[in-house]
Amino acid sequence: MRNSALHRKIVLRRPDDWHLHLRDGAVLAGVLPASRDFARAIVMPNLVPPVVTARDAAAYRDRILAALPEGQRFTPLMTLYLTEGTDPSDVEAAFRDRLIAAVKLYPAGATTNSASGVRDLDRAMPVLERMAAVGVPLLVHGEVSDPEVDIFDREAVFIERVLAPLRARLPELRVTLEHVTTADGVDYIRGAETNLAGTLTIQHLILNRNHMLAGGIRPHYYCLPIIKREHHRLALRRAAVSGDPRFFLGTDSAPHTVAAKESACGCAGVFSAPVALACLAHVFEEEGALDRLEGFASLHGPAWYGLAPNDERLTLVRRETAIDMPPAVDTGDGPVAVFDPGFPLHWQVITEDSR
Ligand code: DOR
Ligand code: ZN
């Protein structure tokens, strides 16, 4: 990374997004351009119906590529949605063919479109054993869905009840704990000797639960895992700027229409892709860690997934006046509100076209 004096301009290798929801159909076409700053993204499989087989993943990848705007250089890294019936050989073949980068575990009922997820992990052991043997990473939505467990405790309880026993049983399995939201999650990753990494979202680095719930309920900040207390946010920020290669960016940008969010039972998900890098540069600047931004956004993720970092570079420039961000992106299904961090953004991504 090259930094000019006073950090007015940062040049870094083009980043990747290691956790992204693109949806399908009209929404896919509407939101894909919002990920234009990213060279690659791990694409979540929680469609309806979910992406379960290699054949589903190939078809979804083709729909994404067909929906890409002319000139957008973007490689979707596909994932399969783990079910109790997933065929280990299908996973192995898809991974060896480089059709998929990973398999995603959604505990049934934990989040959006997770109804086909895993109820009993024992039933998924044959496929998990094969993944451990072949080196297929398991991406984990780390929350229990047990209604008895308070929603703010579901990540910590998941680690204790599900993840720690699974990793003890299959130490060879490479696990990415997605969207870590607690100090417990950070500590658990730090304490692991090997085969564990974690992604961090933009919104969890910026918001605590007061932002979502004090002085009015803000449905656009509602996501899963839910935004936590301030001390958790601070632990996430320390992890992000620590330089520890086990932590890297996964925006979890998850578009839902404004109508679906602003409802008596609003959907979980924050659409952060359009402002992700501007927000991230802001966070790293506040932490006095702009020299570590490239590691977090562009280097640690590829290293964990055994890929080369991108050769292309991306430039961020700090503007004196706040930059304009569109409040929403239009899709054929209706507008999707863009994440509002609650402060003005000054870092602007300079692309070839806007130079
Ligand atoms: O907030 C979330 N939205 N969390 C998830 O785990 C899923 C995602 C979505 O698909 O909307
Ligand atoms: Zn997600």
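Buried means under 20% relative accessible area and exposed over 50%, with partly exposed in between (1.4 Å probe, protein chains only). The views show a predicted model, in which local features need pLDDT of at least 70 and side-chain atom pairs count only at pLDDT 80 or more, while totals for chains, interfaces and linings use all residues. Residues are numbered from 1 along each chain as its sequence is written, chains are lettered from A and ligands numbered from 1 in the order in which they are written, and side-chain values use heavy atoms, leaving out hydrogens and water.

**View 1. The zinc ion (ligand 2) with its protein donors His19, His21 and Asp252.**
Both histidines contribute their NE2 atoms and Asp252 contributes an OD atom, with the donors lying 2.1 Å from the zinc ion (donors are N, O and S atoms within 2.8 Å of the metal, or 3.2 Å for Na, K and Ca; water is not among the atoms, so sites may look incomplete). Read along the sequence, the donor residues follow the spacing H-x1-H-x230-D. The pair His21 and Asp252 links distant parts of the chain, 231 residues apart, with His21 placed in the loop between β3 (17–20) and α1 (25–31) and Asp252 in the loop between β10 (247–249) and α10 (258–261). Elements are DSSP runs numbered from the N terminus, helices being H or I with at least four residues and strands E with at least two. His21 and Asp252 are buried.

**View 2. The surroundings of ligand 1, with 13 residues around it.**
Among these residues, Arg23, Asn46, Leu224, His256 and Ala268 come nearest (a residue is near if one of its heavy atoms lies within 4 Å). Polar contacts are pairs of N or O atoms within 3.5 Å; within protein, one must be able to donate a hydrogen and the other to accept it, and residues adjacent in sequence count only if both atoms are side-chain atoms. From the backbone, an N or O atom of Leu224 lies 2.7 Å from a nitrogen atom of ligand 1, and an N or O atom of Ala268 lies 3.0 Å from a nitrogen atom of ligand 1. From a side chain, an N or O atom of His141 is 3.2 Å from an oxygen atom of ligand 1. Ligand 1 taken alone exposes 290 Å², of which the protein buries 99% (Shrake-Rupley method, 1.4 Å probe; for residues, only the protein chains shown count as cover).

**View 3. Two cis peptide bonds, one from Val48 to Pro49 and one from Leu224 to Pro225.**
Most peptide bonds are trans, and most residues other than glycine have a negative phi. The bond from Val48 to Pro49 has omega near -5 degrees, and Pro49 is placed in the loop between β4 (40–43) and α2 (54–67). For the bond from Leu224 to Pro225, omega is likewise near -5 degrees, with Pro225 in the loop between α8 (209–213) and α9 (230–241). Leu224, the residue that precedes this proline across the cis bond, is also one of those that come nearest to ligand 1.

**View 4. Positive phi values at Arg23 and Arg98.**
Arg23, in the loop between β3 and α1, has phi near 60 degrees, a positive value in a residue other than glycine. Arg23 counts as buried because its relative accessibility is 15%, and Arg23 is also among the residues that come nearest to ligand 1. Arg98 has a positive phi of about 60 degrees although it is not a glycine, and it is found in the loop between α3 (88–96) and β6 (100–105). Arg98 counts as exposed because its relative accessibility is 72%.

**View 5. Thr331 at the end of strand β12 (residues 328–331).**
Thr331 is buried because its relative accessible area is 11%. A polar atom of the Thr331 side chain lies 2.7 Å from the backbone oxygen of Gly334.

**View 6. Buried residues Ser272, Met125 and Ala276.**
Ser272, in the loop between α10 and α11 (276–286), is buried with a relative accessible area of 0%; its C-alpha is 7.6 Å from that of Ala254, the two residues being 18 apart in sequence. Ala276, in helix α11, is buried with a relative accessible area of 0%, and its C-alpha is separated by 22 Å from that of Ala183, 93 residues away along the chain. Met125 lies in helix α4 (residues 125–134) and counts as buried at 4% relative accessibility, while the C-alpha atoms of Met125 and Leu166, 41 residues apart along the chain, are separated by 9.4 Å.
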